[in-house]
Amino acid sequence: WTTFRAAGEAGLAKWGKIRDNESRNEFPMNQAWRVVAPDDGALNFETVATPTARRGTVVLRMQAVPLLSYMRDFVAGRLPYASPPTPFIPGTNGVGIVESVGDDVYHLGPGMRVAVSPRLVADETAEEPAQILMGLTGIGNDRGMLAAWRNGTLARRIEMPASVLTSLVRLDHVPADRLAALGKFTVPLGGLSRGRLTAGETLVV
């Protein structure tokens with residue numbers, strides 16, 4: 001394991017995961033990996049503003065963040081993605097501890113451990129609500145959502161909409177790095193759910 005004390009894209013790609021100290025808050029200032037210039041292939045380890053919780057959002061202290069296998073190609077602009085406007089913090093899923101919540105957040109509170117999903121869907125009655133993968137890409141016409149929620153999980157502290165967080169209550173015995181892989185299971189689960197399969201149908205995996 002390593003912590004955010006280490007910097008450099010090569011090290012980031014090699015380590016595969018980054019985990020903050022789980023037992024105590026060692027880092028009073030906020031730091032993050034950021035993509036500053038589009039398509040230059042560099043991740044910069046920088047001190048950034050500490051987020052504050054706004055209405056409907058939650059501030060987390062991240063414990064574990066999995067890295068995408070194609071992160072290097074994504075940062076270098078070699079993938080056909082609608083990347084967030086620079087500068088932005090990449091990173092999709094992760095596990096963190098709630099530090100504060102904004103108004104209109106009713107089920108999460110300080111000290112709770114949660115899983116982060118990058119998929120944000122506009123909470124509006126529309127035939128095709130805008131949706132994005134925060135810290136990664138837009139999906140179709142995101143109507144400006146990707147610019148508003150450009151940052152992902154590769155930071156010590158992040159602000160996320162409460163709607164993308166899932167409580168991990170009663171899972172305190174499971175290490176954060178194992179829980180950070182939950183996103184790999186939710187993708188196929190989402191596909192199965194949207195497929196509306198019924199008993200007796202045949203499924204090819």
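## Gln63, the largest pocket and some backbone details

Gln63 is buried, with a relative accessibility of 5%; the cut-off for that class is under 20% relative accessible area. This value, like the others in this report, is computed from a predicted model. Gln63 sits in strand β4, which runs over residues 57–66. Its side chain makes a polar contact with the side chain of Arg113, at 3.5 Å.

**The chain as a whole**

The protein chain contains 5 helices and 11 strands. Of its 205 residues, 42% are buried. Contacts between residues at least 6 apart in sequence can be sorted by separation: 67% of them join residues at least 24 apart. The chain exposes about 11,500 Å², and carbon and sulfur atoms supply 52% of that area.

**The largest pocket**

The largest pocket holds about 900 Å³ of space. Its lining is made up of 35 residues, and those nearest the centre are Ser117, Pro118, Gly183, Thr186 and Val187. Two or more lining residues come from each of β6 (113–116), β7 (119–121), β8 (131–133), β11 (165–167) and α5 (183–195). Helix α5 gives the largest share, 7 residues. Sorted by class, the lining has 20 nonpolar, 12 polar and 3 charged residues. As for how such space is found, rolling a probe the size of a water molecule over the atoms shows where empty space is left.

**Tyr81 and its surroundings**

Tyr81 lies in the loop between α2 (71–75) and β5 (94–101). Its relative accessible area is 32%, so Tyr81 is classed as partly exposed; that class lies between the 20% limit for buried and the 50% limit for exposed. Leaving aside residues up to four places away in sequence, Tyr81 touches Tyr70, Phe74, Leu136 and Thr137. Tyr81 and Gly138 are 57 residues apart in sequence, yet their C-alpha atoms are 7.7 Å apart in space.

**Backbone details**

Most residues other than glycine have a negative phi, and most peptide bonds are trans. The chain has departures from both patterns. The peptide bond that joins Thr86 and Pro87 is cis, with omega about -5°. Pro87 is found in the loop between α2 and β5, and Tyr81 is placed in the loop between α2 and β5 as well.

Two arginines have a positive phi, as listed here.

| Residue | Phi | Place | Relative accessible area |
|---|---|---|---|
| Arg143 | near 55° | loop between β9 (137–139) and α3 (145–148) | 69% |
| Arg196 | near 50° | segment after α5 | 71% |

Arg143 counts as exposed because its relative accessible area, 69%, is over the 50% cut-off. Arg196, at 71%, is likewise exposed. Arg196 belongs to the segment after α5, the helix that gives 7 residues to the lining of the largest pocket.

**Three levels of exposure**

The residues described above fall into three classes. Gln63 is buried at 5%, Tyr81 is partly exposed at 32%, and Arg143 is exposed at 69%. Gln63 has a place in a strand, β4, whereas Tyr81 and Arg143 lie in loops.

Notes. Residues are numbered from 1 along each chain as its sequence is written. This is a predicted model: local features need pLDDT of at least 70, side-chain atom pairs count only at pLDDT 80 or more; totals for chains, interfaces and linings use all residues. Side-chain values use heavy atoms; hydrogens and water are left out. Helices (H or I, at least four residues) and strands (E, at least two) are DSSP runs, numbered from the N terminus. Buried means under 20% relative accessible area, exposed over 50%, partly exposed in between (1.4 Å probe, protein chains only). Contact means heavy atoms within 4.5 Å. On a 1 Å grid over the protein atoms alone, a cavity is a set of points where a 1.4 Å probe fits but cannot get out, and a pocket is an open set with protein on both sides within 12 Å along at least five of seven lines; lining residues have an atom within 4 Å of a point. Grid points are joined across faces, edges and corners, and a volume is the space filled by probe spheres set on the points. Ala, Val, Leu, Ile, Met, Phe, Trp, Tyr, Cys and Pro count as nonpolar, Asp, Glu, Lys and Arg as charged, and the others, Gly among them, as polar. Accessible areas come from the Shrake-Rupley method with a 1.4 Å probe; for residues, only the protein chains shown count as cover. A polar contact is a pair of N or O atoms within 3.5 Å; within protein, one must be able to donate a hydrogen and the other to accept it, and residues adjacent in sequence count only if both atoms are side-chain atoms.
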